[in-house]
Amino acid sequence: MPHAYPARTTVFIMATDMDGRKRGCTGFMYGPRSVATSAHCLLGTAGWNTDFTVTPAVSGAVPPYGVCGWLKATVHQDFSTHRGPEHDVGALQLDCTVGQTTGWLSPGPDDFTAVGDPVSTTGYPLDKALWEMWSTRGNTSDATENTLRYDLDTVGGQSGSAVTRTENPSVAVAIHSSGFATDNVGVRLNNEHTEDLLNWSSSLPDPSEPSLPSSGSSTQWTR
């Protein structure tokens with residue numbers, strides 16, 4: 001059920017890229033105002049996306065918790081130069097505290113997911129109707145320090161969704177990065193990536209201060 005926990009921690013992200021095109025992605029609440037997602041949903045090959053809107057727990061025409069704006073977008077520094085799945089992790093800090101209503105997932109840390117473990121992800125596939133939430137289930141097929149592979153059936157739009165273990169769906173063990181049919185990969189929320197997410201959510205910009213990247217990350221403030 002999309003309005004039950006933990007599905008209601010899933011959010012639909014809409015953004016505008018540098019060419020003026022609209023882009024849809026998925027994310028998940030990991031704090032009262034914090035959304036984790038894929039770095040490539042925030043930073044495109046031509047530069048930062050902008051005009052982010054975040055719609056929590058929507059599955060149909062009416063957003064059950066309204067629509068939130070953003071205050072800060074952050075991606076892993078290494079993703080700026082190497083756009084692979086190893087560090088495809090980013091976050092938005094919102095102008096609302098909707099997570100206090102929806103709840104949120106714990107972002108790892110994960111060092112125990114093994115090959116063959118049952119996993120699932122919930123998001124917004126672009127081959128379905130707009131704002132239609134779908135879940136898919138499968139098993140892990142490979143596990144490295146920074147990535148997990150799994151046989152989930154995903155398409156575009158589901159990037160940024162939380163990958164969770166069936167036995168503990170309140171903990172995100174990875175952020176879905178890309179997939180083709182049943183060959184999928186996500187960035188593992190190991191100690192490094194978990195610490196990054198928590199650090200990024202710990203502060204918001206002073207509107208009077210210039211925008212400066214935080215340590216170990218590349219950051220864009222809203223205007």
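User: Which residues does Thr-164 touch, not counting residues up to four places away in sequence?

Analyst: In this predicted model, the place of Thr-164 is in strand 13, which covers residues 162–165. Once residues up to four places away in sequence are not counted, Thr-164 touches Leu-105, Pro-118, Val-119, Ser-120, Pro-169, Val-171, Ala-172 and Val-173.

User: Is Thr-164 buried or exposed, and what is its relative accessible area?

Analyst: A residue is called buried when its relative accessible area is under 20%. Thr-164 meets that cut-off and is therefore buried, with a relative accessible area of 8%.

User: Which residues of the largest nonpolar core touch the most other members?

Analyst: The core in question has 22 residues, and strand 1 (10–16), strand 2 (22–29), strand 6 (50–56), strand 7 (70–76) and strand 8 (90–94) each supply at least two of them. Apart from this core lies another, of 13 residues, with Phe-28, Tyr-30, Ala-172 and Leu-189 among them. Within the largest core, the residues that touch the most other members are Ile-13, Val-35, Phe-52, Val-54, Leu-92 and Leu-94.

User: Leaving aside neighbours within four places in sequence, which residues is Val-54 in contact with?

Analyst: Val-54 belongs to the largest nonpolar core. With its neighbours within four places in sequence left aside, Val-54 is in contact with Val-11, Phe-12, Ile-13, Val-35, Gly-66, Val-67, Cys-68, Leu-92 and Leu-94.

User: Which residue in strand 8 stands opposite Ala-73?

Analyst: Six of the seven residues of strand 7 are buried, so this strand is largely enclosed by the rest of the structure. Strand 7 and strand 8 run antiparallel and are joined by five bridges. The residue in strand 8 that stands opposite Ala-73 is Leu-92.

How values were computed
Residues numbered from 1 in each chain as written. Predicted model: local features only at pLDDT ≥ 70, side-chain atom pairs only at ≥ 80, totals over all residues. Heavy atoms only, no water. Core = buried A, V, L, I, M, F, W, Y, C linked by side-chain atoms within 4.5 Å. Buried < 20%, exposed > 50% of the residue type's maximum accessible area, 1.4 Å probe, protein only. Helix = DSSP H or I, 4+ residues; strand = E, 2+ residues; numbered from the N terminus. Contact = heavy atoms within 4.5 Å. Pairing = 2+ DSSP bridges.
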